[in-house]
Amino acid sequence: MRTALDCARKAASTGEVPVGAVVVQDGRVIGDGFNQPIASNDPTAHAEIVALRAAAKSVGNYRLTDATMYVTVEPCLMCVGAMIHARIGLVVFGALEPKAGALQSMTNAHELTGLNHRLSVIGGVLADESRELLQQFFQSRRT
């Protein structure tokens, strides 16, 4: 999760909302990413999607069976869907996202009936640090 926080700091340094993500499989990082929809003009360039793309390329397979996704903020619905398609085994997130979080806050998308894959979820890991990074970013934008 500390590596994901480092990725989030990179996002903040480029003016993007500070969210970072890391994919780990068999004890090694196979992909990482940070939010970059503004710089890339791509609404799908969330940290999780960037990390999934890097991980899939790294292993040569879009299925990342039993990999773990570490992300600093509770993922949105799009990102949860992508993780399900990638067959991520575990999602570990930091801060809750009350407006758009799709694992706990807004909905439990990973528990919808009819899904052919289930994610395990652990929330609240380094939540204070993740939340502080977001709060500092948005406070600096307001001043």
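Three short exercises on this predicted model follow, each with a worked solution.

**Exercise 1. Describe the largest pocket: its volume, its lining and the elements that contribute to it.**

Step 1. Start with volume. The largest pocket holds about 600 Å³.
Step 2. List the lining. It counts 24 residues, and Val17, Val19, Val73, Glu97 and Leu134 lie nearest the pocket centre.
Step 3. Assign elements. Two or more lining residues come from each of α2 (37-40) and α5 (127-142). The largest share, 5 residues, belongs to α5.
Step 4. Sort by chemistry. The lining of the largest pocket has 14 nonpolar, 7 charged and 3 polar residues.

**Exercise 2. Compare the span of helix α3 with the expected value, then place its buried residues.**

Step 1. Take the limits. Helix α3 covers residues 47-59, 13 residues in total.
Step 2. Check the span. From first C-alpha to last, α3 reaches 18 Å, close to the 18 Å expected at 1.5 Å a residue.
Step 3. Pick out the buried positions. In α3 they are Ala47, Glu48, Ile49, Val50, Ala51, Leu52, Ala55 and Ala56.
Step 4. Find their partners. These buried residues pack against β1 (20-25), β2 (28-34), β3 (68-73) and α4 (77-86).
Step 5. Look past the helix end. Gly60 follows α3, with a positive phi near 70°.

**Exercise 3. Is Thr68 buried or exposed?**

Step 1. Locate the residue. Thr68 sits in strand β3.
Step 2. Apply the cut-off. Thr68 has a relative accessible area of 13%, and buried means under 20%. Thr68 is therefore buried.
Step 3. Name the contacts. Beyond neighbours within four places in sequence, Thr68 touches Val22, Val23, Val24, Leu90 and Val92.

Notes
Residues numbered from 1 in each chain as written. Predicted model: local features only at pLDDT ≥ 70, side-chain atom pairs only at ≥ 80, totals over all residues. Heavy atoms only, no water. 1 Å grid on protein atoms, 1.4 Å probe; cavity = no way out; pocket = protein on both sides within 12 Å on 5 of 7 lines; lining within 4 Å. Points joined across faces, edges and corners; volume = space filled by probe spheres on them. Helix = DSSP H or I, 4+ residues; strand = E, 2+ residues; numbered from the N terminus. Nonpolar A, V, L, I, M, F, W, Y, C, P; charged D, E, K, R; others polar. Expected span 1.5 Å × (residues − 1). Buried < 20%, exposed > 50% of the residue type's maximum accessible area, 1.4 Å probe, protein only. Contact = heavy atoms within 4.5 Å.
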